[in-house]
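This briefing introduces a protein structure to a reader who has not met it before. Please look at the sequence and the model below before turning to the notes.

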Amino acid sequence: RASVTYGAGNMTLGAAVYQDSKYATNTAITANASGSVLSAVYKLSSVTLKGVFASQKPQDTTTTSQLQNAVHTTGLGGNWALGADTTLDFGTYLSSQTVTSTTNYKLKTNAIGLQQKLTKELTFYSQFSRAVNKGTADAVANFTWAHVLSPTLTQNQTGSTLNAGLLLSLF
């Protein structure tokens with residue numbers, strides 16, 4: 001794993017790469033995953049704009065080898081400080097992968113959220129997310145757990161969620 005960041009003025013750029021291998025013995029690799037991430041953050045007064053591009057080759061769930069075609073994710077978003085204690089965040093992400101010439105994965109997720117600081121250590125948060133699978137393969141929704149809902153969206157299926165909770169910061 002390696003990462004680097006560079007900041008100048010209101011702009012910060014980042015890049016990272018990773019290669020994970022898990023060994024059952026000293027000679028046999030039993031799991032592989034690799035990827036790279038590029039990011040950019042730009043601060044404009046009370047608005048912070050963010051962008052990310054990630055390319056990941058996860059392990060094939062039916063074999064011990066990597067998938068041949070990477071999953072690509074592009075995201076744009078940011079946050080807006082509405083006041084000293086209130087922040088609105090927003091983002092849109094597109095994840096896609098060409099599995100075969102007739103099968104592809106294409107999941108678009110849009111989200112908006114709000115954080116309200118209640119005390120120095122305690123913040124209330126809420127977020128609404130909506131994901132649409134425009135691909136021909138089932139897509140894993142990135143905002144839910146399998147024990148709550150099915151973790152996949154079939155072709156042209158839409159999933160939405162509303163999350164709310166408290167964040168406690170002790171440090």
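The notes below move from the whole chain to its strands and then to single residues.

This is a predicted model, in which local features need a pLDDT of at least 70 and side-chain atom pairs count only at pLDDT 80 or more, while totals for chains, interfaces and linings use all residues. Residues are numbered from 1 along each chain as its sequence is written, and side-chain values use heavy atoms, with hydrogens and water left out. The protein has zero helices and 11 strands. Helices (H or I, at least four residues) and strands (E, at least two) are DSSP runs, numbered from the N terminus.

**Overall composition and confidence**

- Along the sequence, the pattern of elements reads β-β-β-β-β-β-β-β-β-β-β.
- The protein has 171 residues, of which 25% count as buried; buried means under 20% relative accessible area, exposed over 50%, and partly exposed in between (1.4 Å probe, protein chains only).
- The accessible surface of the protein is about 11200 Å², and carbon and sulfur atoms account for 59% of that area. Accessible areas come from the Shrake-Rupley method with a 1.4 Å probe, and for residues only the protein chains shown count as cover.
- Among contacts between residues at least 6 apart in sequence, 40% join residues at least 24 apart; a contact means heavy atoms within 4.5 Å.
- The average pLDDT, the predictor's confidence in each residue from 0 to 100, is 82 for the protein, and 77% of the residues score at least 70.
- Confidence is highest in strand E1 (residues 2-8), at a mean of 95, and lowest in strand E9 (residues 139-140), at 68.

**Pairing of strands E4, E5 and E6**

- Two strands pair if DSSP finds at least two bridges between them.
- Strands E4 and E5 (residues 71-81) run antiparallel and are joined by 10 bridges. In this pairing, Val-47 stands opposite Trp-80 in E5.
- Strand E5 is also joined to strand E6 (residues 86-98) by 10 bridges, and these two run antiparallel.
- Gly-78 faces a partner in E6, standing opposite Phe-90.
- The connection from E5 to E6 is a hairpin through four residues.

**Pairing of strands E7, E8 and E11**

- Strand E7 (residues 104-117) and E8 run antiparallel, with 11 bridges between them. Lys-117 stands opposite Thr-123 in E8.
- A hairpin through four residues joins E7 to E8.
- Another 11 bridges join E8 to strand E11 (residues 158-168), again in an antiparallel arrangement. Here Ala-131 stands opposite Gly-159 in E11.
- Val-132 lies in strand E8 (residues 122-133). Leaving out residues up to four places away in sequence, Val-132 touches Lys-106, Leu-107, Lys-108, Gln-157 and Thr-158.
- Val-132 and Thr-158 are 26 residues apart in sequence, yet their C-alpha atoms are 4.4 Å apart in space.

**Two residues of strand E2**

- Thr-12 is found in strand E2, and Leu-13 also has its place there, within residues 11-23.
- Thr-12 is partly exposed, with a relative accessible area of 36%. Leu-13 is likewise partly exposed, at 40%.
- Not counting residues up to four places away in sequence, Thr-12 touches Tyr-6, Gly-7, Ser-39, Ala-40 and Val-41. On the same basis, Leu-13 touches Val-4, Thr-5, Tyr-6, Ser-39 and Ala-40.
- The C-alpha atoms of Thr-12 and Lys-43 are separated by 8.9 Å, with their positions 31 residues apart along the chain. For Leu-13 and Leu-38, 25 residues apart along the chain, the separation is 7.6 Å.

**The E3–E4 loop and the start of E4**

- Ser-45 is found in the loop between strand E3 (29-44) and strand E4 (47-57).
- Ser-45 has a positive phi of about 55° although it is not a glycine. Most residues other than glycine have a negative phi.
- Ser-45 is exposed, with a relative accessible area of 68%.
- Thr-48, by contrast, has its place in strand E4 and counts as buried, at 10% relative accessibility.
- Apart from neighbours within four places in sequence, Thr-48 is in contact with Val-41, Tyr-42, Lys-43, Gly-77, Gly-78 and Asn-79.
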